[in-house]
Every structure is written in C-alpha cells, then in structure tokens.
Amino acid sequence: MGNAVYEKERQLKYLEERFNMLLHMLDSLDPEAADLEDIDRLIAVIDSLEMKYEQFKQSW
C-alpha cells in the first residue's frame with residue numbers, strides 16, 4: 001500500500017487516516033441493506049487497523 005512508515009508522527013497520521021476511512025464506511029453503510037459481505041469487509045478493515053497499531057506500537 002506504499003512505503004514503510006517509521007516516524008511516530010507519520011504512523012499516527014496513517015492510523016488516523018485509516019480510522020477515518022472506517023468511520024466513513026460505517027456512516028455510509030445502510031443497516032437495513034447490509035449483507036454478510038459488507039460486515040466481513042468492515043471486520044477486515046478493523047483487523048488490518050489493529051494489526052498496524054500493534055506493529056507501530058512495538059517501535060514506539
């Protein structure tokens with residue numbers, strides 16, 4: 001998805017952007033029309049965000 005990020009400020013910016021993307025996905029999701037694929041995609045984004053957080057946390 002791009003170059004590796006080593007500076008803490010850039011790591012925090014990366015996490016913030018990914019979190020905002022997740023919030024946008026949640027805001028645009030229609031609960032009445034959501035299907036299993038939509039939920040799986042949200043879970044994948046959350047898992048990815050958690051994985052990056054843990055990876056960055058180790059370097060802090």
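## A contact in a helix

Let's start small: the side chains of D38 and R41 make a polar contact at 2.8 Å (a pair of N or O atoms within 3.5 Å; within protein, one must be able to donate a hydrogen and the other to accept it, and residues adjacent in sequence count only if both atoms are side-chain atoms). This is a predicted model, where local features need pLDDT of at least 70, side-chain atom pairs count only at pLDDT 80 or more, and totals for chains, interfaces and linings use all residues. Residues are numbered from 1 along each chain as its sequence is written, and side-chain values use heavy atoms, with hydrogens and water left out.

D38 sits in helix α2; helices here are DSSP runs of H or I with at least four residues, numbered from the N terminus. Setting aside neighbours within four places in sequence, D38 is in contact (heavy atoms within 4.5 Å) with L29 and A33.

## How long is α2?

The 24 residues of α2 should span 34 Å at 1.5 Å a residue, and its end C-alpha atoms are 35 Å apart, which agrees. That expected span is 1.5 Å times one less than the number of residues.

## What's tucked inside

In α2, D38, L42, V45, L49 and F56 are buried, meaning under 20% relative accessible area with a 1.4 Å probe, protein chains only. The buried residues of α2 pack against α1.

The largest nonpolar core (buried Ala, Val, Leu, Ile, Met, Phe, Trp, Tyr and Cys residues joined through side-chain atoms within 4.5 Å) has seven residues: Y14, L15, L22, L42, V45, L49 and F56. Helix α2 gives the largest share, four residues. As for L22, leaving out neighbours within four places in sequence, L22 touches L42, V45, I46 and L49.

Notes: Buried means under 20% relative accessible area, exposed over 50%, partly exposed in between (1.4 Å probe, protein chains only). Helices (H or I, at least four residues) and strands (E, at least two) are DSSP runs, numbered from the N terminus.
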